[in-house]
Amino acid sequence: MADELTRKRRTDAEHNRRHLVAVAHTAFARHGPDLPVREIARRAGLAPATVHRHFPSRADLLAAVLDGQVDRCERQLRAAMADPDSRRALSRTFHRFGEWQATEPGLTGVLSGPEFAGRRRAHAEAFARLVERAHADGVLRPRVTIDDVRLALTALTSARTGESARRLTAVLLTGLLT
């Protein structure tokens, strides 16, 4: 009986933790990383003490959210690298990045911190390989460089709505792709 109660508590605690990260992700994405923990607890329907039991500080909660974001980006890059169609892979990468920039403005700037430098470098290297493959496949215009493609990707940070991200992505890809 005691083992059953312990498992139930662990299951509940894990559910609360996942729920907190999901709620915090949505809240931080919309309102930025300075949103108070008590507001996230309110949105999650949990007591602030429950939040602090899982995440002693807002920085710890934000780190969990950002770690999830970086993991999602890595999964998307792996999927792009595994896609045999380099045009589709590069296009989807642009669309996903633009969508993320428009729908999660509160998180985009936070990932520039030193704690994610190594993972950002790995993402940049994977993206460069994706661009090299697109070049080798004749998908990119001949004079387009990796710096041009990175600049185009950076331009997507100006998108403020999903619609503007989609339109800007279409314009940028028209200029880059054959």
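Here a colleague asks a modeller how the labels on this predicted model were reached.

Colleague: Let's start broad. What makes up the fold, helices or strands?

Modeller: The protein has nine helices and zero strands. Read from the N terminus, the elements run α-α-α-α-α-α-α-α-α. The C-alpha atoms fill a box of roughly 65 × 35 × 30 Å along the principal axes.

Colleague: How do you know how much of the protein is buried?

Modeller: Each residue gets a relative accessible area, and under 20% means buried. Of the 178 residues in the protein, 38% are buried. The accessible surface of the protein is about 10,300 Å², and carbon and sulfur atoms account for 54% of that.

Colleague: Why is Glu39 called buried?

Modeller: Its relative accessibility is 18%, and the cut-off for buried is under 20%, so Glu39 counts as buried. Glu39 is in helix 2, residues 37–44. The buried residues of helix 2 are Val37, Glu39, Ile40, Ala41 and Ala44.

Colleague: What makes the Glu39 and Arg43 pair a polar contact?

Modeller: Their side chains come to 2.7 Å, and the limit for a suitable pair of N or O atoms is within 3.5 Å. The value is inside that limit, so the pair qualifies as a polar contact.

Colleague: And why is Arg42 called exposed?

Modeller: Arg42, also found in helix 2, has a relative accessible area of 55%. Exposed means over 50%, so Arg42 gets that label. Arg42 and Leu77 are 35 residues apart in sequence, and their C-alpha atoms are 34 Å apart in space.

Colleague: What follows helix 2?

Modeller: Gly45 does, and its phi is positive, near 70 degrees.

Colleague: On to the rings. How many aromatic pairs turn up in the whole structure?

Modeller: The search finds two aromatic pairs. In one of them, Phe94 and Phe127 have ring centres 6.5 Å apart and planes at 50 degrees.

Colleague: Why is that Phe94 and Phe127 pair called tilted?

Modeller: Planes under 30 degrees apart would be stacked and over 60 would be edge-to-face, with the rest called tilted. An angle of 50 degrees fits neither of those two, so the pair is tilted.

Colleague: What makes you say that the pair links distant parts of the chain?

Modeller: Phe94 is in helix 5 (residues 86–103) and Phe127 is in helix 7 (residues 117–136), so the partners belong to two helices and are 33 residues apart.

Colleague: Are those two rings buried or exposed?

Modeller: Phe94 has 0% relative accessibility, so it counts as buried. Phe127 is at 6%, which also puts it under the 20% cut-off, so Phe127 counts as buried.

Colleague: Which residues does Ser91 touch?

Modeller: Leaving out residues up to four places away in sequence, Ser91 touches Leu173 and Leu177. Ser91 is in helix 5, and at 16% relative accessibility it counts as buried.

Colleague: How do you know that Ala136 is exposed?

Modeller: The relative accessible area of Ala136 is 67%. Exposed starts at over 50%, so Ala136 is exposed. Ala136 is found in helix 7. Between Ala136 and His19 there are 44 Å in space, C-alpha to C-alpha, and the two are 117 residues apart in sequence.

Colleague: One last thing: how far apart are the mean positions of the positive and negative charges?

Modeller: For the 30 positive and 21 negative charges, the mean positions are 3 Å apart.

Definitions and conventions: Residues are numbered from 1 along each chain as its sequence is written. This is a predicted model: local features need pLDDT of at least 70, side-chain atom pairs count only at pLDDT 80 or more; totals for chains, interfaces and linings use all residues. Side-chain values use heavy atoms; hydrogens and water are left out. Helices (H or I, at least four residues) and strands (E, at least two) are DSSP runs, numbered from the N terminus. Buried means under 20% relative accessible area, exposed over 50%, partly exposed in between (1.4 Å probe, protein chains only). Accessible areas come from the Shrake-Rupley method with a 1.4 Å probe; for residues, only the protein chains shown count as cover. Lys and Arg count as positive and Asp and Glu as negative; His and the chain ends are not counted. The place of a charge is taken as NZ of Lys, CZ of Arg, CG of Asp or CD of Glu. A polar contact is a pair of N or O atoms within 3.5 Å; within protein, one must be able to donate a hydrogen and the other to accept it, and residues adjacent in sequence count only if both atoms are side-chain atoms. Rings of Phe, Tyr and Trp (its six-membered ring) pair if their centres lie within 6.5 Å; planes under 30 degrees apart count as stacked, over 60 as edge-to-face and the rest as tilted. Contact means heavy atoms within 4.5 Å.
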